[in-house]
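I opened the two files side by side and kept a running notebook. The entries follow the order in which I looked things up.

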Amino acid sequence: MAPTADPSRGALRIALGAGLLVCAGLLLVRATGPWPGDAIVWPAAVAALGGLLIYRSPHSRPRARRGWAAHRQRELPPRRSPSTARARGRPEVSRGGLGVVLVLGAGFAFLWASGGVRPAGEAALAGLAVLVALALIFAPSWRRLARSLAAERSERIRSQERADVGAHLHDSVLQTLALIQRDADDPRQVATLARQQERELRAWLAGRDPATRGESVTAALEAAAAEVEAGAGGSVEVVAVGERALDQRAAAAVAAAREAMLNAVKFAGGSTVSVYAELSEERVLLFIRDRGNGFDPAAVLPERRGVRESIVGRMRRAGGSAVVRSAPGKGTEVEIAIHGRGRS
Amino acid sequence: MSAAAPRVLIVDDHALFRAGVRTLLGEQVEVVGECGEVDSAVSAIEELEPDVVLLDVHMPEGGGVEVIRRTAGRSSVRFLALSVSDAAEDVIALIRAGARGYVTKTISAPELTDAVQRVSEGDAVFSPRLAGFVLDAFAGELPPAQVDPELDLLTAREREVLQHIARGYMYKEIAAQLGISVKTVEAHVSAVLRKLQLSSRHELSRWAAHRRLVD
């Protein structure tokens with residue numbers, strides 16, 4: 001296998017080589033040049049290696065951005081069960097830990113070699129006592145500082161969000177309001193603009209991304225309704241129960257429903273068109289209903305029969321069915337059905 | 001009972017919208033007052049004792065739910081939720097608090113008048129969207145041990161009636177389609193309302209919140 005296949009292994013080899021070279025260089029200096037003494041140089045070299053490991057470990061970089069809890073969790077790598085340590089981040093943990101061990105070991109070796117372990121221990125104890133005292137004294141102010149930092153941070157996030165909302169409203173709602181003022185004497189245009197903006201705002205509030213429109217039947221129906229409203233005016237209300245992914249057959253049903261919506265808006269006489277969808281993996285059931293004049297299915301005008309073909313015929317080809325129910329004065333309802341799973 | 005026009009209080013924090021509803025309601029309904037906030041709505045309900053309160057879901061200081069909570073048991077007033085919100089959790093919360101129906105603000109004038117009259121007579125009023133929410137909430141199987149058939153399941157007829165409402169049918173049309181009387185349709189809808197308010201099914205509020213997440 002090529003050495004480039006695993007970059008971390010390659011880096012390890014380079015580090016090992018560099019370490020050996022440094023080692024050789026030090027030995028050369030020790031044999032020939034001025035030498036401060038084994039007790040200083042070797043611990044210093046080991047400590048330098050440890051320090052390098054600590055600073056180069058991937059943990060040292062994102063630390064500043066994470067929260068306190070995450071930070072603390074990372075400080076306790078040995079508590080992790082071996083399996084999770086292996087699962088994520090063992091190389092980083094062991095590298096950082098190895099660095100710490102090396103630095104501490106080097107310091108200890110230096111003290112031991114220079115015969116200062118016992119006095120150093122006493123000094124460390126005294127230092128520890130002072131540290132604890134300082135911690136007790138300053139803990140409240142530190143906490144206050146930490147809290148005010150957190151508050152400032154969340155305030156910054158909030159104002160950022162406010163700016164985002166403001167930008168969105170400016171691009172959408174304010175623009176639409178301006179358009180509405182301009183077209184104030186055209187009620188149809190005003191209604192269409194208002195509907196479009198309403199849909200857009202609702203989708204935005206619900207966190208729906210326009211890019212995910214194509215993924216579910218409900219989203220596709222909503223999109224079709226919005227298109228119909230934008231193109232032909234009127235208002236189309238979609239109510240969906242359940243959900244289903246937009247497979248090939250469901251897409252055919254949505255396309256047929258779109259035709260039915262277009263038709264309904266044309267004949268609805270200004271009233272709302274209701275679209276009701278019952279969706280599951282086993283079936284798709286769509287009802288498109290208008291409260292317009294309706295017609296007698298037995299005496300259909302030729303051009304209307306053409307439109308019906310585009311609904312009924314399309315559904316037959318997709319392996320589903322479509323029924324048009326209407327009577328004069330009672331409005332029209334188109335029922336579109338697909339049974340069985342979709343071929344995806 | 002239909003002789004006297006129902007006395008209506010409009011509670012909404014948008015003055016423009018209150019004025020719009022007032023003109024929309026027309027002659028068959030007597031608007032006795034308007035309120036723009038929770039506190040004044042509570043005192044107005046106690047003072048005026050309206051038959052029906054048209055209640056906005058979203059208002060500062062707790063919204064419609066708070067108004068219902070604070071007047072509970074003190075008045076025989078009936079609430080009809082009227083909102084632009086189509087977030088299931090808000091609507092279901094208001095229904096469970098005691099509202100007798102929910103209609104969206106895009107409702108037409110005759111439909112709104114009709115809804116107010118229905119609610120004043122003690123019936124429930126479901127918009128297509130609310131019917132959709134209910135069908136969604138009561139869909140799917142529950143482990144048999146947990147089911148209280150009285151509260152957690154819809155009968156086939158109730159389901160049929162709700163489907164027709166969701167499809168945009170009026171009560172009269174539903175009655176004609178199913179071959180039953182309008183009174184029976186109303187009885188079915190009222191039964192569904194009761195189940196909606198009492199059922200612990202799916203812990204409905206949590207269902208609604210979850211629905212909002214995935215929507």
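These are my entries on sheets, helices, core and contacts, taken from a predicted model.

**Entry 1: the sheet in chain A**

I began with strand order. Chain A has an open sheet of 5 strands, ordered S1-S2-S3-S5-S4, and its pairing is mixed. Which strands stand at the edges? I found strand S1 (236-242) and strand S4 (321-326) of chain A there. Each has a single partner strand, so one side of each is left without a neighbour in the sheet. I also checked the twist: neighbouring strands of this sheet are turned by 10° against each other on average, direction ignored.

Next I took one pair inside the sheet. Strand S3 (residues 283-290) and strand S5 (residues 332-339) of chain A pair in the antiparallel sense, over 8 bridges. To fix the register I noted that A:Arg283 stands opposite A:His339 in S5(A).

Then I looked for a helix on this sheet. Helix H8 (residues 217-232) of chain A lies across S1, strand S2 (273-279) and S3 of chain A. H8(A) runs at about 175° to S1(A).

**Entry 2: the sheet in chain B**

I moved to chain B and counted 11 helices and 6 strands. Chain B has an open sheet of 6 strands with the order S2-S1-S3-S4-S5-S6, and the pairing is parallel. S2 and strand S6 (125-126) of chain B stand at the edges. Each has a single partner strand, so one side of each lacks a neighbour in the sheet.

Is strand S1 (residues 7-11) of chain B enclosed or open? I found 4 of its 5 residues buried, so S1(B) is largely enclosed by the rest of the structure.

I listed the partners of S1(B):

- S1(B) runs parallel to strand S2 (residues 30-35) of chain B, joined by 5 bridges. B:Leu9 has B:Gly33 as its bridge partner in S2(B).
- S1(B) also runs parallel to strand S3 (residues 52-55) of chain B, joined by 4 bridges. B:Val8 stands opposite B:Val52 in S3(B), and B:Val11 has B:Leu55 as its bridge partner there.

I traced the connection too. S1(B), helix H1 (residues 15-25) of chain B and S2(B) make a right-handed β-α-β unit. Helix H2 (residues 38-48) of chain B lies across S1, S2 and S3 of chain B, at about 150° to S2(B).

**Entry 3: an unusual phi**

I scanned the backbone of chain B for positive phi. B:Glu49 has a phi near 45°, a positive value in a residue other than glycine. Most residues other than glycine have a negative phi. Where does B:Glu49 lie? I placed it in the loop between H2 and S3 of chain B. It has 13 C-beta neighbours inside 10 Å, so it counts as partly exposed.

**Entry 4: the core**

I turned to nonpolar packing. The largest nonpolar core has 106 residues. Those with the most contacts inside it are A:Leu221, A:Ala253, A:Ala257, A:Met261, A:Val275, B:Leu80 and B:Val91. Helix H9 (residues 248-267) of chain A gives the largest share, 11 residues. Domain 1 (1-121) and domain 2 (123-215) of chain B both give residues to this core, so it lies between them.

I followed two of these residues. A:Ala253 lies in H9(A). It is buried, with 29 other C-beta atoms within 10 Å. Beyond four places in sequence, A:Ala253 touches A:Val284, A:Leu286, A:Met315, A:Ala318, A:Gly320, A:Ile336 and A:Ile338. I checked one of these by distance: the C-alpha atoms of A:Ala253 and A:Val284 are separated by 7.9 Å, with the two residues 31 apart along the chain.

A:Val275 was next. Leaving aside neighbours within four places, its contacts include A:Leu221, A:Ala257 and A:Met261. A:Val236, A:Val238 and A:Ile288 are also among them.

**Entry 5: chain B totals and the interface**

I noted two totals for chain B. Buried residues make up 45% of its 215 residues. Of its contacts with a separation of 6 or more, 67% join residues 24 or more positions apart.

Last, I looked at where the chains meet. 10 residues of chain A are in contact with 10 residues of chain B. Which strand of chain A gives the most to this side? It is S1(A), with 5 residues. S1, S2 and S3 of chain A each supply at least two residues of the side that touches chain B.

Key:
Residues are numbered from 1 along each chain as its sequence is written. Chains are lettered from A and ligands numbered from 1 in the order in which they are written. This is a predicted model: local features need pLDDT of at least 70, side-chain atom pairs count only at pLDDT 80 or more; totals for chains, interfaces and linings use all residues. Two strands pair if DSSP finds at least two bridges between them. Axes are lines fitted to C-alpha atoms, for helices over the stretch in contact, and angles run from 0 to 180 degrees between N-to-C directions. Two residues are in contact if their C-beta atoms, placed from the backbone, lie within 7 Å. A nonpolar core is a set of buried Ala, Val, Leu, Ile, Met, Phe, Trp, Tyr and Cys residues joined through C-beta atoms within 7 Å. A residue is buried if 20 or more other C-beta atoms lie within 10 Å of its own, exposed if 12 or fewer, and partly exposed in between; C-beta atoms are placed from the backbone. Domain bounds come from an automatic or database domain assignment. A crossover is right-handed if, with the strands pointing away from the viewer, the path from the first strand over the helix to the second runs clockwise.
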